[in-house]
Amino acid sequence: MDELVVSTVVYLPADEAYEFLVDFPRYAAYSKHLKNVVRRSGDGGAGTRYAMRFAWWKLTYTVESEVTAVDPPERVEWEVVKNLDASGRWLIEELDELPEDAPDGVEAASRVSFEVSYDPRSANERGIDLPRFVSLGWVIEKIKPAITSEAERIVERVVADLEGEPRSVDLTVERRS
């Protein structure tokens, strides 16, 4: 399993960040490769299922995910239940003190972390229309760096929407294989 964690500080209380992050269909607006998210069932809480359509290079792929646990305002967990072995979570931790470099007028801050674990080799090849002479192994090696940059982009765009304007975001990125 590969693991990726991208985290940063947002200048909002944890409950406001949580309400924003639990809205999965919104993610398509932040991602270069996530084309759409359709709610299949549920109310957004645990047990809700989504179909997520990704496109990268000459490939398109749909996975079905399910929200497996919510713990407002600290955690939203999910797992892919069809076409890929993957799971993840958003963790929100309200900070007791503002960071030294907090903007003027800010009253609250939270650390927001996006964590994902996935096995790229678990992709269902029948669901991928690979071009002739292209192997799934080649695609996996090419897509790994794209996953990291995509996670960074999502977190940066989420911060801009949460706070109401874009800013330079200090990201912490951990990658484990």
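In the predicted model, strands β4 and β5 form a hairpin in which three residues lie between the two strands. The pairing of β4 with β5 is antiparallel and extends over seven bridges. Within this pairing, Glu66 has Glu79 of β5 as its bridge partner.

On its other side, β4 (residues 59–71) is joined to β3 (residues 49–56) by eight bridges, and these two strands also run antiparallel. One of the bridges connects Tyr50 with Ser65 in β4, and another connects Trp56 with Leu59 in β4. The strands β3 and β4 likewise belong to a hairpin, with two residues between them, and in this hairpin Trp57 adopts a positive phi near 55°. In general, strands of a sheet pair through backbone hydrogen bonds, in either a parallel or an antiparallel arrangement.

These pairings are part of an open sheet of eight strands, arranged in the order β2-β3-β4-β5-β6-β7-β1-β8 with antiparallel pairing. The edges are occupied by β2 (34–41) and β8 (172–176); each has a single partner strand, so one side of each is left without a neighbour in the sheet. On average, and with direction ignored, neighbouring strands of the sheet are turned by 20° against each other. Helix α1 (residues 14–21) packs on this sheet, where it touches β1 (2–10), β4, β5 (75–82), β6 (85–94) and β7 (110–119). The direction of helix α1 makes about 155° with that of β6.

The loop between β6 and β7 contains Val106. Apart from residues up to four places away in sequence, Val106 touches Tyr11 and Leu98. The contact with Tyr11 links distant parts of the chain: Val106 and Tyr11 are separated by 95 residues in sequence, while their C-alpha atoms are 6.5 Å apart in space.

Tyr11 also takes part in the lining of the largest pocket. This pocket has a volume of about 240 Å³. It is lined by 13 residues, of which Val9, Tyr11, Asp101, Arg167 and Asp170 are the closest to its centre. By residue class, the lining comprises six nonpolar, three polar and four charged residues. Tyr11 is thus found both among the residues closest to the centre of the largest pocket and among the contacts of Val106.

Technical notes:
Residues are numbered from 1 along each chain as its sequence is written. This is a predicted model: local features need pLDDT of at least 70, side-chain atom pairs count only at pLDDT 80 or more; totals for chains, interfaces and linings use all residues. Side-chain values use heavy atoms; hydrogens and water are left out. Two strands pair if DSSP finds at least two bridges between them. Helices (H or I, at least four residues) and strands (E, at least two) are DSSP runs, numbered from the N terminus. Axes are lines fitted to C-alpha atoms, for helices over the stretch in contact, and angles run from 0 to 180 degrees between N-to-C directions. Contact means heavy atoms within 4.5 Å. On a 1 Å grid over the protein atoms alone, a cavity is a set of points where a 1.4 Å probe fits but cannot get out, and a pocket is an open set with protein on both sides within 12 Å along at least five of seven lines; lining residues have an atom within 4 Å of a point. Grid points are joined across faces, edges and corners, and a volume is the space filled by probe spheres set on the points. Ala, Val, Leu, Ile, Met, Phe, Trp, Tyr, Cys and Pro count as nonpolar, Asp, Glu, Lys and Arg as charged, and the others, Gly among them, as polar.
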